[in-house]
Amino acid sequence: MILVMKVGAKEEDINATINQIKEWGHDVSLAPGEKQTVIGIIGDKSDLTGRPLSTLPGVSKVLEVSAPYKRASREFHPEDTVIDVDGVKIGGGERCVIAGPCSVDTLENVIYLAKVAKENGAKMLRGGAYKPRTSPYTFQGHEEEGLKMMLEAKKETGLPIVTELMSIKDIDVVYKYADVIQIGARNSQNFPLLKEIGKLDKPVILKNGIAGTMKEHLMSAEYIMSEGNDNVILCLRGTRTFESAVRNTIDLTLVPIMQQLTHLPIIVDPSHAAGKREFVSSLAYAGMAVGADGLIIEVHNCPKEALSDGDQALLPRDFEYLMQKLQALTPWSQKEWVEFDKQKQTDCIKP
Ligand code: PEP
Ligand code: MN
């Protein structure tokens, strides 16, 4: 961490700031400049979080040098994390599509959709039994009955179950049925819940918050990992912006950016971003093209009867079309590009 002092900061202010940092238990390294002095704070700075560094005498700017997320960061874990869910791998070049309904509705539908998912190459089945709905008057999920239906679909197809957990009180029941626990956008910063999930030995799909930043997303992953659970899959589902043409704005540049910053797998949720069936597949294709480790997609056999998110559900035939297209796609590899970039001889060609 670096403190850039104000232009012409007085020596007594600089000394007072240095003394305060030392009082907080940190050594400093001083770089006096012609106009501005720079103070480097040495060592692990996690205990300084929340200290009013920007208000110390003469301080103009506080700059972070290393990432505040440690376990999630590539700085501390250079190799890609590959998560293994009952033999299904995700991360480090192992790609995985997860498909299924938004909400589990009937046993017949969920079994049918699990078969559609499996036949077309999806590796896991999604389905919500505890639903985070904007209105308390809409369908809230079948809860354990829904999880039992997911289990039947798993028995028929062998696909591992991905399902959302909303509350600490439901941990035991969701743990019993889920192979991967989904933490949705609304709970992305429910820190007590994240800490409890961190104590479990089950992989987690962690979505970004409704208006969350990339750094907040990584810090939420850090909450889970700080309790010992390193099996976190980050999921980009878009955020709320001024753009009203889409349900959520998804910035796919974040895929290669995050791949540089974190070793965790990153998947894209095109369904909650696009919000409309006709745009889901193109976004799914783009997400894989840009190099995501996978997708989580909503599919329904009869969207008009779906109990949630029918607008954005792909029909089985759409899913089949998309999966065929994806087979022919060579996804971008940021790692390969970085290697290629390293070999370049010059940044400037003068003809
Ligand atoms: C979902 O996956 O159905 C869901 C509610 O997603 P999100 O948390 O991204 O809104
Ligand atoms: Mn949904």
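Helices and strands here are DSSP runs, numbered from the N terminus, with at least four residues for a helix and at least two for a strand. With that naming in hand, Asp309 can be placed in the loop between β14 and α10, and the tour will return to this residue at the metal site. The model is a predicted one, which should be kept in mind at each stop.

**The whole chain**

Begin with the protein chain shown as a cartoon, where 11 helices and 14 strands can be picked out. Taken along the principal axes, the C-alpha atoms fill a box of roughly 75 × 60 × 40 Å. Of the 351 residues in the chain, 49% count as buried. If you display contacts between residues with a separation of 6 or more, 69% of them join residues that lie 24 or more positions apart in the chain.

**The manganese ion**

Next, select ligand 2, the manganese ion, and show the side chains around it. Which protein atoms serve as its donors? They are SG of Cys102, NE2 of His272, an OE atom of Glu298 and an OD atom of Asp309, and they lie 2.1 to 2.4 Å from the ion. Read along the chain, the donors of this manganese ion follow the spacing C-x169-H-x25-E-x10-D. Within that set, Glu298 and Asp309 form a pair that links distant parts of the chain, for Glu298 belongs to strand β14 (residues 294–298), whereas Asp309 is in the loop between β14 and α10 (316–327), 11 residues apart.

Stay with these two donors for a moment. Is Glu298 buried or exposed? Glu298 is buried, because its relative accessible area is 1%, which falls under the 20% cut-off for that class. As for Asp309, its backbone deserves a look, since its phi is positive, at about 55°, although the residue is not a glycine.

**A second positive phi**

Now move to Asp86, in the loop between β5 (83–85) and β6 (88–90). Here too the residue is something other than glycine and phi is positive, with a value near 50°. Asp86 is exposed, because its relative accessible area is 61%, and the cut-off for that class is over 50%.

**Helices α9 and α10**

Select helix α9 (residues 277–289) together with α10, which pack at an angle of about 20° with their axes 10 Å apart. Angles under 35 degrees count as roughly parallel, and α9 and α10 are therefore roughly parallel to each other. Their crossing is right-handed. To see the contact itself, show Arg277, Ser281, Ala284, Tyr285 and Met288 from α9, which meet Arg317, Asp318, Leu322, Lys325 and Leu326 from α10. By class, the residues of this contact divide into 5 nonpolar, 1 polar and 4 charged.

Within this contact, centre the view on Asp318, which is in helix α10. Asp318 counts as buried, because its relative accessibility is 14%. Leaving aside residues up to four places away in sequence, Asp318 touches Arg277 and Ser281. A distance drawn from C-alpha to C-alpha puts Asp318 9.0 Å from Arg277, although the two are 41 residues apart in sequence.

**Helices α2 and α3**

Turn next to helix α2 (residues 107–119) and helix α3 (residues 144–157), which pack at an angle of about 40°, with 9 Å between their axes. The two helices α2 and α3 are therefore oblique to each other, and the crossing between them is right-handed. On the α2 side, show Leu107, Val110, Ile111, Ala114, Lys115 and Lys118, which meet Met149, Met150, Glu152, Ala153, Glu156 and Thr157 of α3. The contact of α2 with α3 has 7 nonpolar, 1 polar and 4 charged residues.

**Helices α6 and α7**

For the last stop, select helix α6 (residues 214–226) and helix α7 (residues 254–261), whose axes come within 12 Å and cross at roughly 45°. That angle makes α6 oblique to α7, and α6 passes α7 in a right-handed crossing. The side chains to display are Met214, His217 and Leu218 of α6, along with Leu254, Ile257, Met258 and Leu261 of α7, and these residues make the contact. How many charged residues does the contact of α6 with α7 have? It has no charged residues, the others being 6 nonpolar and 1 polar.

Note on methods
Residues are numbered from 1 along each chain as its sequence is written. Chains are lettered from A and ligands numbered from 1 in the order in which they are written. This is a predicted model: local features need pLDDT of at least 70, side-chain atom pairs count only at pLDDT 80 or more; totals for chains, interfaces and linings use all residues. Side-chain values use heavy atoms; hydrogens and water are left out. Axes are lines fitted to C-alpha atoms, for helices over the stretch in contact, and angles run from 0 to 180 degrees between N-to-C directions. Angles under 35 degrees count as roughly parallel, over 145 as roughly antiparallel, 65 to 115 as roughly perpendicular and the rest as oblique. A crossing is left-handed if the near helix is turned anticlockwise from the far one by less than a right angle, and right-handed if clockwise. Contact means heavy atoms within 4.5 Å. Ala, Val, Leu, Ile, Met, Phe, Trp, Tyr, Cys and Pro count as nonpolar, Asp, Glu, Lys and Arg as charged, and the others, Gly among them, as polar. Donors are N, O and S atoms within 2.8 Å of the metal (3.2 Å for Na, K and Ca); water is not among the atoms, so sites may look incomplete. Buried means under 20% relative accessible area, exposed over 50%, partly exposed in between (1.4 Å probe, protein chains only).
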